[in-house]
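Me: Please take a close look at one part of this model, the aromatic residues and the helix packing beside them, and describe what is found there in a connected way.

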Amino acid sequence: MTLTEFLLARIAEDEEFIGAGWLEDAPFDMDRVLVECQEKRALISLAKEIGLMTSASVQHILALSYVDHPDYLPEWRP
């Protein structure tokens, strides 16, 4: 699995979790989380477009929020 695939899968999970309504009484704004998912997708797309695929790229930084996920690889740390 590539870093891009990992990120897009985590973002999709976040969107699914929010969209399922499981967090109706959550202490945070679910709409804001969905907007953040859109922002992450846009940043990934932009990073790919302009060639920011270095060891400290935008994607590596975005992946830090998923560092505890079992599929996260240590080499993705910026």
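Reply: A residue is called buried here if its relative accessible area is under 20%. The model is a predicted one, and in it Tyr66 has a relative accessible area of 10%, so that Tyr66 counts as buried. Phe6, with a relative accessible area of 0%, is buried as well.

These two residues belong to the aromatic part of the structure, which holds four aromatic pairs. In one of them, the ring centres of Phe6 and Tyr66 lie 6.2 Å apart and the ring planes stand at 85°, and because planes over 60 degrees apart count as edge-to-face, the pair is given that description. The pair joins distant parts of the chain, since Phe6 sits in helix H1 (residues 3-19) whereas Tyr66 sits in the segment after H3, 60 residues apart.

Phe6 also forms an aromatic pair with Trp76, and here the geometry is tilted, with 5.0 Å from centre to centre and 45° between the planes. This pair, too, links distant parts of the chain, with Phe6 in helix H1 and Trp76 in the segment after H3, 70 residues apart. Both partners, Phe6 and Trp76, are buried. Taken together with Tyr72, the residues Phe6, Tyr66 and Trp76 form one aromatic cluster.

Helix H1, which carries Phe6, also packs against helix H2 (residues 30-50), at an angle of about 165° and with the two axes 10 Å apart. Angles over 145 degrees count as roughly antiparallel, and H1 and H2 are therefore described in that way. The crossing in which H1 passes H2 is left-handed. On the H1 side, the contact is made by Thr4, Leu7, Leu8, Ile11, Ala12, Asp14, Glu15 and Ile18, while H2 contributes Met30, Val33, Leu34, Cys37, Lys40, Arg41, Ile44 and Lys48. By character, the residues of this contact between H1 and H2 divide into ten nonpolar, one polar and five charged.

A further link across the sequence involves helix H3 (residues 58-63), in which Ile61 is found. Once neighbours within four places in sequence are left aside, Ile61 is in contact with Ala56 and Pro78. Of these partners, Pro78 is 17 residues from Ile61 in sequence, yet the C-alpha atoms of Ile61 and Pro78 are 6.4 Å apart in space.

How values were computed: Residues are numbered from 1 along each chain as its sequence is written. This is a predicted model: local features need pLDDT of at least 70, side-chain atom pairs count only at pLDDT 80 or more; totals for chains, interfaces and linings use all residues. Side-chain values use heavy atoms; hydrogens and water are left out. Helices (H or I, at least four residues) and strands (E, at least two) are DSSP runs, numbered from the N terminus. Contact means heavy atoms within 4.5 Å. Rings of Phe, Tyr and Trp (its six-membered ring) pair if their centres lie within 6.5 Å; planes under 30 degrees apart count as stacked, over 60 as edge-to-face and the rest as tilted. Buried means under 20% relative accessible area, exposed over 50%, partly exposed in between (1.4 Å probe, protein chains only). Axes are lines fitted to C-alpha atoms, for helices over the stretch in contact, and angles run from 0 to 180 degrees between N-to-C directions. Angles under 35 degrees count as roughly parallel, over 145 as roughly antiparallel, 65 to 115 as roughly perpendicular and the rest as oblique. A crossing is left-handed if the near helix is turned anticlockwise from the far one by less than a right angle, and right-handed if clockwise. Ala, Val, Leu, Ile, Met, Phe, Trp, Tyr, Cys and Pro count as nonpolar, Asp, Glu, Lys and Arg as charged, and the others, Gly among them, as polar.
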